[in-house]
Amino acid sequence: QVQLVESGGGLVQAGGSLKLSCAASSRTASAYAMDWFRQAPGKEREFVAVINWSGSRRYYADSVKGRFTISRDNAKNTVYLQMNSLKPEDTAVYYCAADTSEYTRSPRYWGQGTQVTVSS
């Protein structure tokens with residue numbers, strides 16, 4: 001069982017930056033691939049980024065490539081999402097997720113989400 005708690009969301013102007021954090025409760029969390037997803041009002045949840053257990057592989061949605069960076073600190077059981085050049089269309093609830101596979105888009109464990117609002 002892995003419990004995930006996101007933090008770092010908030011309100012930012014377009015062009016600004018935010019850094020999200022996701023703390024994992026399990027001591028085995030370092031063995032999991034970690035994902036970020038997001039869900040905007042009235043839209044389906046969508047994949048944002050994933051990082052494998054060691055941090056050696058990262059994949060991004062085309063919509064955030066070049067602007068967002070996913071990273072992890074296994075000593076702290078924490079994964080991060082640095083978001084730069086934010087746009088109003090990035091407004092969503094951002095969810096952290098974990099799974100043994102970096103290739104699944106239906107991870108087993110999910111956090112509760114953190115709201116990111118980008119004003120124009």
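A nonpolar core is a set of buried Ala, Val, Leu, Ile, Met, Phe, Trp, Tyr and Cys residues joined through side-chain atoms within 4.5 Å. In this predicted model, the largest such core has 35 residues, and those with the most contacts inside it are L4, M34, W36, L81, M83 and Y94. Several strands, among them β3 (18–24), β4 (33–39) and β8 (78–83), each supply at least two residues of this core. L81 shows how such contacts reach across the chain, since residues up to four places away in sequence are not counted and L81 still touches, among others, L20, W36, V48, I70 and Y94.

A search of the whole structure also finds 4 aromatic pairs, and two of them are set out here.

| Pair | Centre to centre | Angle between planes | Arrangement |
|---|---|---|---|
| F37 and F47 | 5.8 Å | 75 degrees | edge-to-face |
| Y95 and W110 | 6.4 Å | 80 degrees | edge-to-face |

F37 lies in strand β4 and F47 in strand β5, 10 residues apart, whereas Y95 in strand β9 and W110 in strand β10 are 15 residues apart in sequence, so that pair ties together separate parts of the chain. F37 counts as buried at 4% relative accessibility, F47 counts as buried at 16%, and Y95 is buried with a relative accessible area of 16%, while W110, at 26%, counts as partly exposed. Ring pairs link these residues, F37, F47, Y95 and W110, into a cluster.

Finally, the whole structure holds 1 cavity of 30 Å³ or more, with a volume of about 30 Å³. Its lining, which includes M34, R72 and V79, divides into 4 nonpolar, 3 polar and 1 charged residues.

Key
Residues numbered from 1 in each chain as written. Predicted model: local features only at pLDDT ≥ 70, side-chain atom pairs only at ≥ 80, totals over all residues. Heavy atoms only, no water. Buried < 20%, exposed > 50% of the residue type's maximum accessible area, 1.4 Å probe, protein only. Helix = DSSP H or I, 4+ residues; strand = E, 2+ residues; numbered from the N terminus. Contact = heavy atoms within 4.5 Å. 1 Å grid on protein atoms, 1.4 Å probe; cavity = no way out; pocket = protein on both sides within 12 Å on 5 of 7 lines; lining within 4 Å. Points joined across faces, edges and corners; volume = space filled by probe spheres on them. Nonpolar A, V, L, I, M, F, W, Y, C, P; charged D, E, K, R; others polar. Phe/Tyr/Trp six-rings, centres within 6.5 Å; stacked < 30°, edge-to-face > 60°.
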